[in-house]
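Colleague: I am new to this structure and should like to learn how to read it. May we begin with the ligand and then turn to the interior?

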Amino acid sequence: MYIEDFEKAQGHWILARMGKKVLRPGGKELTCKLVDLLNIGEKDDVVEFAPGLGFTANMALKNKPHSYIGIDADKDAIANLRVKFNQKICNFMLANAAETQLPENSKDKVWGEAMLTMHADHRKSEIIKEAHRILKKGGLYAIHELGLTPNNIEEETKAKIQKELALSIKVNARPLTQTEWVTLLENQGFKVVKVELNGMCLLETARVIDDEGLIGALKIGWNIIRNPKAKKRVLEMRNVFKKYKNHMNAIVIVAQKI
Ligand SMILES: C[S@@+](CC[C@H](N)C(=O)[O-])C[C@H]1O[C@@H](n2cnc3c(N)ncnc32)[C@H](O)[C@@H]1O
């Protein structure tokens with residue numbers, strides 16, 4: 001990932017530049033649950049919204065789906081993914097997940113991680129609506145996003161978290177409570193079948209080792225130490241995650257088109 005300006009770049013691309021491969025809030029652990037719950041099989045036509053670096057694509061493709069389409073809005077990400085997954089069943093499209101141009105009622109499974117949080121609520125709904133449109137009846141849609149807890153979190157605390165997150169990761173991140181995520185999905189015609197939670201420990205040592213392996217974690221640490229501008233940004237993000245640790249979590253929801 002090429003970073004032009006470390007002060008302005010979005011947090012996830014800075015982490016990717018430092019060598020981090022797992023960029024979703026619940027880590028590898030929650031992604032494994034998401035992939036298991038989707039139960040991708042050889043007859044499935046699947047779509048991933050925002051594959052990013054392709055971490056989940058790699059896991060999903062091991063299940064040999066009938067077809068896989070990855071849709072990301074970042075042209076560098078799509079260019080890298082096309083090189084990385086040069087397989088017949090794979091197709092990567094540079095597009096907004098809210099407007100995929102894919103035929104309706106055509107897919108068995110759709111998922112997206114760490115991407116709805118980046119959008120305002122009405123944009124989240126547009127993306128969820130698109131997942132619903134392209135899925136066959138009975139098809140599954142899974143999300144893995146940043147959550148807020150408890151469900152009755154004070155509006156003031158919520159606003160503070162959103163503001164500090166936006167300032168540190170340079171993305172207008174808008175995490176939601178479990179009830180709010182479920183409501184967004186239900187409003188677009190989904191029935192929630194499973195919810196899984198994990199701590200929001202993206203930049204904590206134990207989680208980094210779990211996600212990236214010991215060697216990977218050491219390499220990331222070394223890259224950060226050698227790059228003071230990146231270090232400043234990573235520490236800013238880490239501080240916000242730590243400060244609001246008790247109010248933030250990671251959430252996976254699997255929902256069905258009814
Ligand atoms: C934080 S990264 C997460 C990437 C990957 N899902 C993961 O968990 O590692 C966010 C990704 O979402 C993509 N993205 C954000 N909004 C999108 C949209 N509306 N349509 C397609 N991709 C989007 C970005 O380009 C970026 O690759």
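Modeller: A residue is counted as near a molecule if one of its heavy atoms lies within 4 Å of it. Please keep in mind that this is a predicted model.

Colleague: Which residues come nearest to the ligand?

Modeller: There are 20 residues around the ligand, and those that come nearest are Arg-24, Ala-50, Asp-72, Glu-113 and His-119.

Colleague: Which atom of the ligand is 2.5 Å from the side chain of Asp-72?

Modeller: A polar contact is a pair of N or O atoms within 3.5 Å. In this case an oxygen atom of the ligand is 2.5 Å from an N or O atom in the Asp-72 side chain. Backbone atoms take part as well: a polar backbone atom of Ala-73 is 3.1 Å from a nitrogen atom of the ligand, and a backbone N or O atom of Glu-113 lies 2.8 Å from a ligand nitrogen.

Colleague: In which sense do strands E2 and E3 pair?

Modeller: Strand E2, residues 67-72, and strand E3, residues 90-94, are paired in the parallel sense, over five bridges. One pair to locate is Gly-70 with its bridge partner in E3, Phe-92. Between the two strands the chain passes through helix H4, residues 75-84, and this β-α-β crossover is right-handed.

Colleague: Let us turn to the interior. Which residues of the largest nonpolar core touch the most other members?

Modeller: This core has 32 residues, and Ile-14, Leu-15, Ile-161, Leu-165, Leu-203, Phe-241 and Met-248 touch the most other members. At least two residues each are supplied by helix H1 (11-17), strand E5 (135-148), helix H6 (155-169), helix H8 (205-225) and helix H9 (228-243). H9 gives the most, with five residues.

Colleague: What does Leu-203 touch, not counting residues up to four places away in sequence?

Modeller: Leu-203 touches Leu-15, Val-208, Val-234, Met-237, Arg-238 and Phe-241. There is also a second, separate core of 29 residues, which includes Leu-135, Trp-181, Val-182 and Leu-184.

Colleague: Is Asn-227 buried or exposed?

Modeller: A residue counts as buried when its relative accessible area is under 20%. Asn-227 is therefore buried, because its relative accessible area is 19%. Its place is in the loop between H8 and H9. Leaving aside residues up to four places away in sequence, Asn-227 touches Phe-6 and Met-18.

Colleague: How many Å separate the C-alpha atoms of Asn-227 and Lys-158?

Modeller: These C-alpha atoms are separated by 32 Å, and the two residues are 69 residues apart along the chain.

Notes: Residues are numbered from 1 along each chain as its sequence is written. This is a predicted model: local features need pLDDT of at least 70, side-chain atom pairs count only at pLDDT 80 or more; totals for chains, interfaces and linings use all residues. Side-chain values use heavy atoms; hydrogens and water are left out. A nonpolar core is a set of buried Ala, Val, Leu, Ile, Met, Phe, Trp, Tyr and Cys residues joined through side-chain atoms within 4.5 Å. Buried means under 20% relative accessible area, exposed over 50%, partly exposed in between (1.4 Å probe, protein chains only). Helices (H or I, at least four residues) and strands (E, at least two) are DSSP runs, numbered from the N terminus. Contact means heavy atoms within 4.5 Å. Two strands pair if DSSP finds at least two bridges between them. A crossover is right-handed if, with the strands pointing away from the viewer, the path from the first strand over the helix to the second runs clockwise. A polar contact is a pair of N or O atoms within 3.5 Å; within protein, one must be able to donate a hydrogen and the other to accept it, and residues adjacent in sequence count only if both atoms are side-chain atoms.
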